[in-house]
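Q: Please take a close look at how side chains connect separate parts of this chain. I would welcome a connected account of the charged pairs, the aromatic rings and the nonpolar groupings, with attention to what is buried and what is exposed.

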Amino acid sequence: VVLSSWRDSIVVLKSCEKLSPWAENLQIARRCSESIAWKACANPKGIKWAYTGKPSNVSSPKWNDLKDSSPSRNQHVPPDWWFEDVSILRIDHFVRVITAIKVKGMRFELIGAAIMHYAAKWLPCLIQDGELQADEMSISSHSNSWKGGFHMIIPGTKDDNLSIQAKDQRTIVESLISIVPPQKDSVSCGFLLRLLRAANMLKVAPALVTELEKRVGMQLEQATLADLLIPNYNKSETSYDVDLVQRLLEHFLVQEQTDSSSPSRRSFSDKQIYEGTQRGNNLNPKSRVARLVDSYLTEVSRDRNLLMTKFQVLAEALPESARACDDGLYRAIDSYLKAHPTLSEHERKRLCRVMDCQKLSVDACIHAAQNERLPLRVVVQVLFSEQVKISNTLANAITLKDPAETRYQPLITNRKTLLEGTPQSFQEGWVTAKKDINTLKFELDGVKSKHVELQKEMENLQRQFEKMSKPKPTSAWSSGWKKLGKLTKMTTVENHDIGPQISTTIEHVRKPPRRWRNSIS
């Protein structure tokens with residue numbers, strides 16, 4: 001009699017919570033779980049038992065006063081009619097019911113929706129703002145019929161009862177992670193990320209956390225920035241868990257590589273891309289994840305404790321083909337440079353290497369040309385790439401007008417044509433940048449002139465030094481006079497040597513007679 005009634009099966013299984021050993025020994029809990037699973041998987045059109053349904057504020061039929069006869073065909077039974085009744089069970093009984101429902105072959109989307117409904121009731125912290133009010137009504141409607149329900153509490157507070165409640169909540173989170181269907185899109189990515197936040201806060205087992213991270217990586221393109229900003233509950237300097245996002249990106253890239261290598265999954269992904277283009281959304285998963293990562297980097301770059309290496313690794317995690325435009329990445333780099341003004345010139349150049357200047361839009365190029373935080377080399381690259389884009393655009397436009405006349409003409413006829421085809425906003429930015437470049441050229445010319453003057457002075461000093469080191473040159477007249485002086489000296493010396501000899505010879509030859517004379521003395 002009990003098993004034939006939906007409500008009695010729920011009530012008996014709920015009452016078994018206080019009689020767990022006896023209920024297990026008598027197989028009451030198992031038989032009630034099997035009965036609930038069988039009725040949940042049955043065709044809703046043939047329902048002959050009463051169920052609670054959704055709360056009164058939601059427009060859905062109620063079958064509390066239903067007779068034994070089947071409902072009429074005009075009354076529609078929603079597929080989630082059993083969610084509310086099953087969600088009042090304790091976590092171990094809920095896991096048993098969900099496991100039995102999986103065996104019966106229910107769709108994984110309904111199983112995932114039932115798990116999300118249960119988490120919204122027992123873990124209100126996982127509810128989004130828009131869903132909070134409706135689920136609070138459902139919780140308050142059942143507060144009189146059953147007591148329990150845990151509210152998310154951060155462990156480590158002063159109250160002694162909080163540690164017990166935190167352990168119960170950790171058990172709930174671990175159990176929900178273990179029964180989430182393995183199929184993709186069985187639950188939303190936002191729910192998985194909020195469940196991952198609760199798991200990190202409650203210190204869930206690392207194996208379950210790793211499994212949950214892989215599940216998030218499978219559908220990371222569905223995430224939003226608000227869900228991805230997970231606080232860092234570990235004792236770290238950064239306020240957000242950047243390493244966690246890095247791991248999620250790695251799981252996403254592994255999943256994408258696996259999907260691309262599998263032919264069946266490749267056809268399924270091509271079908272999804274075709275459907276997305278038909279709906280107007282032509283971005284592939286990698287492009288959506290690239291936008292999400294750029295927004296995340298812009299948000300976390302304001303943290304002054306974020307290391308530049310972590311910023312670079314996260315920015316370079318995705319391949320270059322994932323970004324068709326680098327405006328989001330430029331915005332993140334500019335925000336990081338603004339929050340870290342003490343970076344050196346070399347560090348700023350290394351940070352800007354993660355950005356491709358050729359993928360910037362016109363507005364981003366104008367902002368970069370006037371950005372004083374960027375290195376000068378990056379500004380020149382931005383201006384050069386934009387000038388190349390403009391020249392190519394003008395060349396294509398001229399070619400489309402009359403290809404016969406412009407076959408032998410250059411790409412750009414003159415500077416006036418280039419400026420006329422340039423937007424007014426970019427012309428103003430170009431004029432400002434050109435003034436800066438002319439100023440730098442003038443300073444460079446001044447340095448060159450000073451260098452030339454220094455070279456001339458150096459040459460003059462070398463000439464003077466050479467003059468001082470060499471002997472003085474002599475003229476022909478001075479050398480002649482010196483020779484004459486030498487000759488006169490030689491003659492005087494010879495005269496001094498020969499004079500006495502001649503006098504002696506003359507005295508021998510000429511010996512006049514000896515005469516005596518009287519001296520005056």
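A: Helices are DSSP runs of type H or I with at least four residues, numbered from the N terminus. Under that numbering, Leu440 belongs to helix H21, which spans residues 424-469. The model is a predicted one.

Leu440 offers a starting point at the surface. Together with Leu376 and Val380, Leu440 makes a nonpolar surface patch of about 260 Å². Residues in a patch must have over 30% relative accessible area, and Leu440, at 40%, counts as partly exposed.

The charged contacts come next. Across the whole structure, a search finds twelve salt bridges. One of them joins Arg247 to Glu213, with 3.1 Å between the closest N and O atoms. Arg247 sits in helix H12 (residues 242-261) and Glu213 in helix H10 (residues 206-218), so this pair ties together parts that are 34 residues apart in sequence. The two partners can be set side by side: Arg247 is partly exposed at 34% relative accessibility, whereas Glu213 is buried at 4%.

Helix H12 also contributes Asp243 to a salt bridge. The side chain of Asp243 meets that of Lys310 at 3.6 Å, N to O, and the limit for such a pair is 4 Å. Because Asp243 lies in helix H12 and Lys310 in helix H15 (residues 308-315), the contact ties together parts 67 residues apart in sequence. Asp243 is partly exposed, with a relative accessibility of 38%, and Lys310 is likewise partly exposed, at 27%.

Arg323 and Asp294 form a further salt bridge, in which the closest N and O atoms are 3.0 Å apart. This pair links distant parts of the chain, 29 residues apart: Arg323 is in the loop between H15 and helix H16 (327-339), while Asp294 is in helix H14 (residues 285-300). Buried residues are those under 20% relative accessible area; Arg323 has 9% and is therefore buried, and Asp294, with 7%, is buried as well.

The aromatic side chains add contacts of another kind. The count of aromatic pairs comes to five. In one of these, the ring centres of Phe311 and Tyr336 are 5.0 Å apart and the planes meet at 35 degrees, so the pair is classed as tilted. Phe311 is in helix H15 and Tyr336 in helix H16, and their pairing links distant parts of the chain, 25 residues apart. Both Phe311 and Tyr336 are buried. Helix H15 thus supplies Lys310 to a salt bridge with Asp243 and Phe311 to a ring pair with Tyr336. Elsewhere, ring pairs gather Phe94, Tyr118 and Trp122 into a cluster.

The account ends in the interior. The largest nonpolar core contains 99 residues, and within it Trp82 and Leu176 have the most contacts. Helix H9 (residues 189-201) gives this core its largest share, eight residues. The core also draws at least three residues from each of domain 1 (1-48 + 79-106) and domain 2 (285-397).

Key
Residues numbered from 1 in each chain as written. Predicted model: local features only at pLDDT ≥ 70, side-chain atom pairs only at ≥ 80, totals over all residues. Heavy atoms only, no water. Helix = DSSP H or I, 4+ residues; strand = E, 2+ residues; numbered from the N terminus. Buried < 20%, exposed > 50% of the residue type's maximum accessible area, 1.4 Å probe, protein only. Phe/Tyr/Trp six-rings, centres within 6.5 Å; stacked < 30°, edge-to-face > 60°. Patch = residues over 30% accessible without salt bridge, like charges linked within 9 Å, V, L, I, M, F, W, Y side chains within 5 Å. Areas by Shrake-Rupley, 256 points an atom, 1.4 Å probe, with all protein chains shown as cover. Core = buried A, V, L, I, M, F, W, Y, C linked by side-chain atoms within 4.5 Å. Domains from an automatic or database assignment.
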